[in-house]
Amino acid sequence: MQTNSLRLRLTRPEVERLHAGGIVEEVLAFADGATFSYRLQSRLQSAPPEAVCSHASMTVYLSREDAERWATSEEVGLYGASGGVAIAIEKDFRCLVPRPGEAESGAYPHPGKS
């Protein structure tokens, strides 16, 4: 956790879904039945990444042009700021040292591992 920062790490299948459909969404379900949804969505507007929070959901917007370039390149991340919040949208790499319970099936190969 870092003050006023947001970091989204996407697996290869999530990057492919963003590229194909313009949106990736997940829901966090709490034990008390409450939920929080978060999504990454591309839009035609050419602008830096923007984060919007409303009730129990958050949407991070990025330009379709940036999403296309990022999804089809070796570029690791997209970075920007929105209303004082630093935003990092990055491809998720496999860990150099496997961790118990860590699902990495859709992660990108780690560039530091030969």
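This section describes the sheet, the helices packed on it and a surface patch in a predicted model.

The sheet is open and built from 4 strands. Their order is 2-3-5-4, and the pairing is mixed. Strand 2 (23-29) and strand 4 (50-54) are the edge strands, and each pairs on one side only. On average, neighbouring strands of this sheet are turned by 15 degrees against each other, direction ignored.

Strand 2 pairs with strand 3 in the antiparallel sense. This pairing runs over 7 bridges. Within it, E25 stands opposite R39 of strand 3. Strand 3 itself covers residues 35-43 and includes Y38.

Two helices are placed against these strands. Helix 1 (residues 12-21) lies across strand 2 and strand 3. The direction of helix 1 is at about 130 degrees to strand 2. Helix 2 (residues 64-71) also packs on the sheet. Helix 2 touches strand 3 and strand 5 (57-63). The directions of helix 2 and strand 5 make an angle of about 80 degrees. Strand 3 is thus a shared element: helix 1 lies across it, and helix 2 touches it.

Strand 3 also contributes to the surface through Y38. Together with L28 and F30, Y38 forms a nonpolar patch there. The three residues have about 270 Å² of accessible area together. Y38 has a relative accessible area of 32%. Y38 therefore counts as partly exposed, because this value falls between the limits of 20% for buried and 50% for exposed. The value also meets the requirement of over 30% for patch residues.

How values were computed: Residues numbered from 1 in each chain as written. Predicted model: local features only at pLDDT ≥ 70, side-chain atom pairs only at ≥ 80, totals over all residues. Heavy atoms only, no water. Patch = residues over 30% accessible without salt bridge, like charges linked within 9 Å, V, L, I, M, F, W, Y side chains within 5 Å. Areas by Shrake-Rupley, 256 points an atom, 1.4 Å probe, with all protein chains shown as cover. Salt bridge = Lys/Arg side-chain N within 4 Å of Asp/Glu carboxyl O. Buried < 20%, exposed > 50% of the residue type's maximum accessible area, 1.4 Å probe, protein only. Pairing = 2+ DSSP bridges. Axes fitted to C-alpha atoms, helices over the stretch in contact; angles between N-to-C directions. Contact = heavy atoms within 4.5 Å.
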